[in-house]
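Okay, everyone, thanks for coming. I'd like to walk you through one structure today, mostly its inside.

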Amino acid sequence: MTDRSRFARTLGLTVGLAAGAAGLGAVAALRRQLPRVAGRQPMPGLSAQAEVRRDRWGIPHIYAASNADLFAALGYTHAQDRLWQMELNRRTGHGQLAEIFGPVALSSDRFVRTLGFGRIARREVELLDDETHANIAAYVRGVNACLEASRGRLPLEFRILGFQPRPWEPADILVWPKIMALTLSGNWTSELFNSKIIAAVGAERAAAIAPRYPGAAVVSVAPEAALPPHLGEGALRLAAEAAPFTGESGAPQGSNGWAVAGTRTASGRPLLAEDPHLGLTMPGLWYLVHLEGGDFKVAGVSLPGTCGVIIGHNEHIAWGQTNTMTDNQDLYIERFHPEEPDCYEWRGEWREVTTLREEIVVKGQKEVVLVDVRLTHHGPIIDEIAGPEGSPFRRSAPATPHQALALRWTALDPSPSLSRAVLRINRARDWGEFRAALADWDVPPQNFVYADVDGHIGYVVGGKLPVRARGDGQTPVPGWDGAHEWQGFIPSDALPASFDPPGGIVVTANNRIVGTNHPYHDAIQGEWANPYRAERILALLQASEHHDTRSFARIQNDLHSLPGLQLARLVARLEPTEPLEQAARDQLAAWDGELTAASIAGAIYDAVRYHLLREVYTELGELIGAQGGLGAFGALPSNIYLERALPAVLARAEAAADLAQPDPWLGGERTWGAVLATALHHAVAELRARLGPDPARWSYGRVHSLTLRHPLGSVPALAPIFNRGPWPTGGDVDTVNQHYVPRQTAAGPVYNAPSYRQIFDPGDWDAARVIIPAGQSGHPVSRYYSDMAATWRAGGYCPLLWSREAVERHTSAVLTLEPQ
């Protein structure tokens, strides 16, 4: 899913000029663009009245007579509250940002045009089944009806930037999930990073220092979980040549999902919890909604600009999802003919590349920018988007003037099945129908947790996971010999699953999915997140057999740092001579591991951890902090690499009986005592420079805070209108309540944290508890723009009402959409 705040730095200059032109009229315009949410509104294309009841939390409950009317009303409602966000999202997906922002957005457009998301979305429209196409077409009618009704009072962002949105088309609905898949599928940059490490230190050393997932850590499907009986020798042969994953790394975006059986709850019914950790922005990624009409009755969070509920519940089942962190991307080194540059080698023959010309309109420029995209059978040639000029990621593979890199990725295969999967999940009535719906889920691969009204719980992976003929997918491979091709995909019914496990618990927190007992374990490789969140959740769940929504809320808001305590024990073994370093050591030694905003030891741990990882991996030199990707989609693969290196680093340091004894793994004669002492020294120096010489003032929240940023909030004059915060916060990448704030980023501030929290009791849907970080509305003067922020920060929730009686009791406004 993408981080909208990454646009801030890229767009600030252009928006600043436009904002100056808008002048003082901007504030008055804010009050004119609020949508009409009560009364009667004619709407073309409806077959009968549709009712939109908004409750006092700004959540719409939409009632309609048919599927088509329901999704038309959803499109209308989305556009009322989030039209600017929807416009930005579709322009991002089509590579049309430079048209409204100017040259500063050109690199991002080049990236997306090269990958071809717009081309693929238009092809997918042609492949849609009739039912899904009809629902999407109805949604588009609703968006366009709202757009037409809003002429003259569009959201402020359109006035500032000086343009009118064009009518929506079905391809606009399908393109945004591609951007989300891009954000959640970052292995291609890791491949480039790994190949550069090999070039810098050699293959043997690169393998020795590569982050590895702890062998004894939690997996999502436990060894005792039954596997489908038909999985056997044939499955093993198909995946036999897929090499084990090495140097695993996990993206900072994470999520938690779990469910417990009724044997572990106070009510005797299952409970399910979910909180996806993604980039926080203004407005937020998710939009809460309740839909009833035709054969849909479902509630949860939707994505403005798309159909259906992504995470939520219906009458029968509840579900949540986390990123699998699996690898569905490969880079191929293509050989080109020395005299015919449009021909590349394939199994001893020469094939001609497909060349497509993309025209990018750039605001302020008369001439369009032409981008020639070259495609092999593996995918687009990406050399020119691998990184900015001077980046070590440009042409990272062993290269000659006649070689280039092509990207193979499941998201680049035209397939409209994701939209169908979402709509089928929304109507699933049991585990069988749920799994059947997930057979259509392709990209991004996700872990799903499940609970139903009949008392069942489950876990299953949904997505297309490739089976490689050779290699582990961690470095670019030869594309000319056919030896590293994908041999197909793991069948959907062979993907990891667990239904009603004996322990009555399923947990997924981006941790490793299966152990070696699974027939496809070699193919199910990934850049897993550290196991700490999964371990902590499992321990808290196992500690009680009387869970309720309150205990689940405490778990979702848990700030206990397992690696923090581990590192604190190591620092406690040091004997620094400098008084301030002694004080810092003593703070860590006495720490209880709670990484709250007020914690002094938490601030010290955060700084020591940062410097420790960079001191351990100092031999990587300029690769630490080097950028891959372009513009708003730039990434720093070293952030991911180093975060995932932490478990092995701490384990090796703890295993050292004598910290003064050299460890060959560190290289040379380096010792863990010296490395830890250097990290502590740098951490104290940093905190003293940032917060002053008094450790009593070194609270974690002073160096770790949240500002909810709007893309236009990068302009100082607009920041008070669009942004909210800053607020001191606790947590980090490894706490259950994840709050990840990387110090260095490629394209502006990033804050990854729970973008949505849900707790569901399948026996009492009115007891559902949810929260998003800001609010439902994208209009800055709306009371619903950031009304949930304080509740979210305090660990609270609001109800997601279900029964008609509860909805009517809390209704604040009713809009009746009438056929025109």
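I'll go through the cores, then a cavity and a helix beside it, and then a pocket.

One thing to keep in mind: this is a predicted model.

Let's start with the packing. The largest nonpolar core has 180 residues. Which of them touch the most other members? Those are Trp-286, Trp-409 and Phe-434. If you ask which element puts the largest share into this core, that's helix α3, residues 67-94, with 11 residues. There's also a second core, separate from that one, with 52 residues. Leu-570, Ala-584, Ala-653 and Leu-680 are included in that second core.

Okay, on to the holes. How many cavities of 30 Å³ or more are there? The count is 12. I want to dwell on the second largest cavity, which comes to about 360 Å³ in volume. Its lining is made of 27 residues, and the ones closest to the centre are Pro-177, Ile-310, Leu-418, Ser-419 and Val-422. Two elements give two or more residues to that lining, α9 (170-183) and α13. Of the elements, α9 gives the most, six residues. As for chemistry, the lining of this cavity splits into 19 nonpolar, five polar and three charged residues.

Now have a look at α13 itself, residues 417-427. Is this helix mostly covered or mostly open? Mostly covered: eight of its 11 residues are buried. The buried ones are Ser-417, Leu-418, Ala-421, Val-422, Leu-423, Ile-425, Asn-426 and Arg-427. Leu-418 and Val-422 are on that buried list, and you just heard both of them among the residues closest to the cavity's centre. As a reminder, an α-helix has 3.6 residues a turn, so residues three or four places apart point the same way. Keep that in mind when you scroll along this helix.

Last stop, the largest pocket. Its volume is about 530 Å³. Which residues lie nearest its centre? Out of 27 lining residues, they are Asp-606, His-704, Val-741, Pro-742 and Arg-743. Three elements, α19 (600-616), α20 (637-655) and β23 (705-708), each supply at least two lining residues, and α19 gives the most, with five. By class, this pocket's lining has 13 nonpolar, six polar and eight charged residues. Put that next to the cavity's 19 nonpolar, five polar and three charged.

That's my tour. Happy to go back to any of it.

Methods: Residues are numbered from 1 along each chain as its sequence is written. This is a predicted model: local features need pLDDT of at least 70, side-chain atom pairs count only at pLDDT 80 or more; totals for chains, interfaces and linings use all residues. Side-chain values use heavy atoms; hydrogens and water are left out. Buried means under 20% relative accessible area, exposed over 50%, partly exposed in between (1.4 Å probe, protein chains only). Helices (H or I, at least four residues) and strands (E, at least two) are DSSP runs, numbered from the N terminus. A nonpolar core is a set of buried Ala, Val, Leu, Ile, Met, Phe, Trp, Tyr and Cys residues joined through side-chain atoms within 4.5 Å. On a 1 Å grid over the protein atoms alone, a cavity is a set of points where a 1.4 Å probe fits but cannot get out, and a pocket is an open set with protein on both sides within 12 Å along at least five of seven lines; lining residues have an atom within 4 Å of a point. Grid points are joined across faces, edges and corners, and a volume is the space filled by probe spheres set on the points. Ala, Val, Leu, Ile, Met, Phe, Trp, Tyr, Cys and Pro count as nonpolar, Asp, Glu, Lys and Arg as charged, and the others, Gly among them, as polar.
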